[in-house]
Amino acid sequence: MRIPMIDLQRQYAHMKADVDARIEECLRSQHWILGPQVSELEERIAAYLGSKFCIATSSGTEALVIGMRALSLARQGRDYWGDGDEIVTVPFTFAATADTIVRSGARPVFVDIERESFSIDLSKLAACLAARPRVRALVPVHLYGRPADMTGIAELARRHGVAVVEDAAQAFGAVSAGRRCASIGDLGALSFFPTKNLGAFGDAGMIVTDDPELARISRDLTKHGGRDKYDVSQIGYNARMDTLQAAILLARLAYVEDFNARRRRIAAAYRAQLSSLAGLSLPGGDEGHVYNQFTVRVADGRRSALQAHLAGKGIASTVYYPKCLHRMKAFQERAVVWEECPEALRAADEVLSLPIEPLLSDGEIAEVGEAVRSFFQ
Ligand SMILES: *Cc1c(COP(=O)(O)O)cnc(C)c1O
C-alpha cells in the first residue's frame, strides 16, 4: 500500500542515529540478559507514568498473566486462581486480554462494551458484579488508545472489593482522570509490540504497580518464580525483557510524546475532513486519547466496500477486530457471557481503522480523508 497503516521503516529512518547508538552499546557490552538498560527503562517509564514500580517483561501478554497470578498470590496466597474464581473483561479486544485470564486459573466473564467508547459498559458491569460474588478482578481495556472511564471502574471495584488490572497495551501515554493509563489500577500491563505507540523491534512488555508486594511477586514470576532462579518458590516464567529491546525502547521513548501528539493531530485532521458524512461515525475526541488506532464505524454493511475503495487508491485500512472473543472456539467452554453482548457484536461488524502513522505528511493525511469522503459522497 502506498499509504500503510503504520510505516516502521519511516520511523526508523527518523530516529536511526539514536537507535543505532543504543544497539551498539549492547554490542560492545555483550550483556544480553537483565543488562543495565532494562533497569534504566523501568525507572524512566515509572517516572513517566508516575507509578512506583515497573517490571520489564518479554511481552504484554506475559505482563497480563503474571499480573493476574501475582494478584492471586498476594490476595489469597494461592499461585493460581481457581475454584470458580472469575475475572471480568470485554469480548471486543485482542485474544490476549482473556487468554491470560484462563492461564491465571480464572474464568473470564465477558461484559458488553458501550457503543461510543468501545470500553466496558458500566451499568452492565454494575449488574454483573452485583450478581456474581466470585468475581475477583476486572480487566478494563483502553482500546485503540482511548482511556476507559477509570473513575467509574475504580468506584465499582471498590464497592465490590475486586482488583483492577488495566490492559493498557494500546494506550502508552493515554490519560484517564488525570493519571496515565496502566498506573491507575492495582496493576497495569503495557505492550511494546512493534505497532504499539511505544514499540520495540520485537516482543516486549511491562507490569506497572504501586504495590510493593505485587511488584516483588511479579518480578519473581518473570524469573522462573524465585529471587534465586536455582531455588524457586513458584511456578514462574522465563519472561524477562531482552536487554537489546530495552535499549531500543530507551531510544524510542524520547520520541513518544511527539509521536502521540502527531497521532492526535492526524485524528483532528481526519475529524475535520470526515464530520457529518451520512453512514460514517467518528471516534469521540476525548482528551487523553493517544490514537493507537483511528477507528471509524461504517453502517449498513458497507465496510468491505469502503475498504476496497481505499485499497483501490493504495490506502490501507484494517478491521480490529472482526470476531468477538465469546464467538471464538478457545473461549466457548472456558468463558461466561454476562447476558448478551450486542454492542460488541455490532462493533465487530462495523469498525474500520484508518492509517495513523505518526510521520504521515499533511498531503497523505488529506489524501486519506479525501478518499473516504469520495466513497460517501
Ligand atoms: C497487543 C495487545 C496485547 C498483547 O501484547 P503483546 O505484547 O503482543 O503480547 C494485549 N492486549 C491488547 C488489547 C493488545 O492490543
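Which atom of the ligand is 2.8 Å from an N or O atom in the side chain of D167? The views below, taken from a predicted model, begin with the answer.

**View 1. Polar atoms of the protein beside the ligand.** It is a nitrogen atom of the ligand that is 2.8 Å from an N or O atom in the side chain of D167. Two further distances involve oxygen: a polar side-chain atom of T61 lies 2.5 Å from an oxygen atom of the ligand, while for G60 it is a backbone N or O atom that lies 2.8 Å from an oxygen atom of the ligand. Taken alone, the ligand exposes 380 Å², and the protein buries 93% of that area.

**View 2. The pocket and the shell around the ligand.** The ligand takes up the space of the largest pocket, and the elements giving two or more residues to the shell around it are α3 (60-76) and α4 (96-103). Of the 16 residues around the ligand, those that come nearest are T61, D167, Q170, S191 and K196. Sorted by class, the shell holds seven nonpolar, seven polar and two charged residues.

**View 3. The open sheet and its edges.** Eight strands form an open sheet with mixed pairing, in the order β1-β9-β8-β5-β4-β2-β3-β12. At its edges are β1 (53-57) and β12 (336-337), each of which pairs on one side only.

**View 4. A pair of strands within the sheet.** Strands of a sheet pair through backbone hydrogen bonds, in either a parallel or an antiparallel sense. Here strand β4 (residues 135-138) and strand β5 (residues 163-167) pair in the parallel sense over two bridges, and A137 stands opposite A163 in β5.

Key:
Residues are numbered from 1 along each chain as its sequence is written. This is a predicted model: local features need pLDDT of at least 70, side-chain atom pairs count only at pLDDT 80 or more; totals for chains, interfaces and linings use all residues. Side-chain values use heavy atoms; hydrogens and water are left out. A residue is near a molecule or strand if one of its heavy atoms lies within 4 Å of it. A polar contact is a pair of N or O atoms within 3.5 Å; within protein, one must be able to donate a hydrogen and the other to accept it, and residues adjacent in sequence count only if both atoms are side-chain atoms. Accessible areas come from the Shrake-Rupley method with a 1.4 Å probe; for residues, only the protein chains shown count as cover. On a 1 Å grid over the protein atoms alone, a cavity is a set of points where a 1.4 Å probe fits but cannot get out, and a pocket is an open set with protein on both sides within 12 Å along at least five of seven lines; lining residues have an atom within 4 Å of a point. A molecule sits in a cavity or pocket if more than half of its atoms lie within 2 Å of its grid points. Helices (H or I, at least four residues) and strands (E, at least two) are DSSP runs, numbered from the N terminus. Ala, Val, Leu, Ile, Met, Phe, Trp, Tyr, Cys and Pro count as nonpolar, Asp, Glu, Lys and Arg as charged, and the others, Gly among them, as polar. Two strands pair if DSSP finds at least two bridges between them.
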